[in-house]
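Biologist: I should be grateful for a close look at a single part of this structure. Please treat its geometry, its faces and its place among the neighbouring parts in one connected account.

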Amino acid sequence: YDLSRKNKFKSLFENLYIGKNPTPEQGKYAVMLFDFSGLDTDSLDEKYIKVMMLSTLFISRLYLPTDIYLQKNPTIPDIKYEYVLEIKYAKTEATEAEIKAKYTEAEIQIDKYRKDPRFVGRDDVKFAVVVFKGKGEYALTNDGYIP
């Protein structure tokens, strides 16, 4: 009943009862599959579950995979901007060329976000790239400016 596999329903289930008797709900849901069998579930916390859910949603291609979208809280009118952040990570030993490639990759993604109907023509949305290098270094670009 997964939206992302709607076109494969017949080939996946044609020999099963559900394939021979589909309901009108077929292909109308975003189905997320989580396999916790190899994990110590006693040590899981809310942050871990959120990361798993977001990863699954983005992989499904049903949603725009924005690294971080910080939406204004409507109860706080003094907040002027919303932010879309693209996050990249380079290993500690990454060369300048590798780091520049991360920026380029991120800027390509930011350009896609800028064209999204949610953000087109909005002056209250700022776009930025954050590239982390190793455990402590990072650099931020803001609306196309690379320091």
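The account below concerns helix 4 and the core to which it contributes.

Modeller: The model is a predicted one. Helix 4 comprises the 19 residues 96-114, and its end C-alpha atoms lie 27 Å apart; this agrees with the expected span, because 1.5 Å a residue also gives 27 Å.

The buried residues of helix 4 are Ile99, Tyr103, Ala106, Glu107, Gln109, Ile110 and Tyr113. They cover an arc of only 165° around the axis, and therefore fall on the same side of helix 4. In an α-helix there are 3.6 residues a turn, so residues three or four places apart point the same way. Ala97, Lys100 and Lys112, by contrast, are exposed on the other side of helix 4. Here "buried" denotes a relative accessible area under 20%, and "exposed" one over 50%.

The largest nonpolar core has 13 residues, and Ile99 is among those with the most contacts inside it, together with Val84, Phe127 and Val129. Two or more residues of this core come from each of strand 2 (82-90), helix 4 and strand 3 (125-133). Helix 4 gives the most, namely five residues.

For the surface, one may turn to a nonpolar patch of about 320 Å², made by Ile68, Leu70, Tyr81 and Tyr83. Within this patch, Ile68 belongs to strand 1 (residues 68-70). The relative accessible area of Ile68 is 32%, so this residue counts as partly exposed.

Key: Residues numbered from 1 in each chain as written. Predicted model: local features only at pLDDT ≥ 70, side-chain atom pairs only at ≥ 80, totals over all residues. Heavy atoms only, no water. Helix = DSSP H or I, 4+ residues; strand = E, 2+ residues; numbered from the N terminus. Expected span 1.5 Å × (residues − 1). Buried < 20%, exposed > 50% of the residue type's maximum accessible area, 1.4 Å probe, protein only. Arc of directions from axis to C-beta. Patch = residues over 30% accessible without salt bridge, like charges linked within 9 Å, V, L, I, M, F, W, Y side chains within 5 Å. Areas by Shrake-Rupley, 256 points an atom, 1.4 Å probe, with all protein chains shown as cover. Salt bridge = Lys/Arg side-chain N within 4 Å of Asp/Glu carboxyl O. Core = buried A, V, L, I, M, F, W, Y, C linked by side-chain atoms within 4.5 Å.
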